[in-house]
Amino acid sequence: MGKTTMRMVYVATPYAGLSGVSETNRPSLARYIAKNVCARVREAGYIPRSPVLAFSDIFDEQKDRECVLDAGLELLSYCSYVYFYDLHPDAFNSEGMRKEREYARELGISELDLDGGLWID
């Protein structure tokens, strides 16, 4: 019997686009959202990869914003699918999530819809 592999899913959640939260509380709220969404992706049988969780303690969001976005896009390029947490109201204001969506489409990476399967573009 061969080894069964799980597919990596890039988990896009809002960070800088989070409104109504202070700069001091933004990192912890962003990590909380990302952890919960990643748990859902994992429970669906995938390996979640979140740039918020991967990079929030490495980069300074204020000083290294463009570097963080570039690192996230590089991480995205290694994933089989992408999941956009669009249920959060601030997701629509997230410039980073917009860039992630554009890059995923450019690479031909399918969007995962945990409520209804894969979205076919």
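The following exchange explains some terms applied to this predicted model.

In this predicted model, local features need pLDDT of at least 70 and side-chain atom pairs count only at pLDDT 80 or more, while totals for chains, interfaces and linings use all residues. Residues are numbered from 1 along each chain as its sequence is written, and side-chain values use heavy atoms, with hydrogens and water left out.

Me: What makes tyrosine 46 and tyrosine 81 an edge-to-face aromatic pair?
Reply: Rings of Phe, Tyr and Trp (its six-membered ring) pair if their centres lie within 6.5 Å, and planes under 30 degrees apart count as stacked, over 60 as edge-to-face and the rest as tilted. The two centres are 5.8 Å apart and the planes stand at 80°, so both conditions are met. The whole structure holds two aromatic pairs.

Me: Why does the pair tie together parts that are 35 residues apart in sequence?
Reply: Tyrosine 46 lies in the loop between helix H1 (26-43) and strand E2 (47-49), whereas tyrosine 81 lies in strand E3 (residues 81-84), so the pair joins these parts. Helices (H or I, at least four residues) and strands (E, at least two) are DSSP runs, numbered from the N terminus.

Me: How do you know that H3 and H4 meet?
Reply: Contact means heavy atoms within 4.5 Å. Arg65, Glu66, Leu69, Leu73 and Leu76 in H3 meet Gly96, Lys99, Glu100, Tyr103 and Ala104 in H4. These residues divide into five nonpolar, one polar and four charged.

Me: Why is Gly96 of this contact called polar, and Tyr103 nonpolar?
Reply: Ala, Val, Leu, Ile, Met, Phe, Trp, Tyr, Cys and Pro count as nonpolar, Asp, Glu, Lys and Arg as charged, and the others, Gly among them, as polar. Gly96 therefore counts as polar and Tyr103 as nonpolar.
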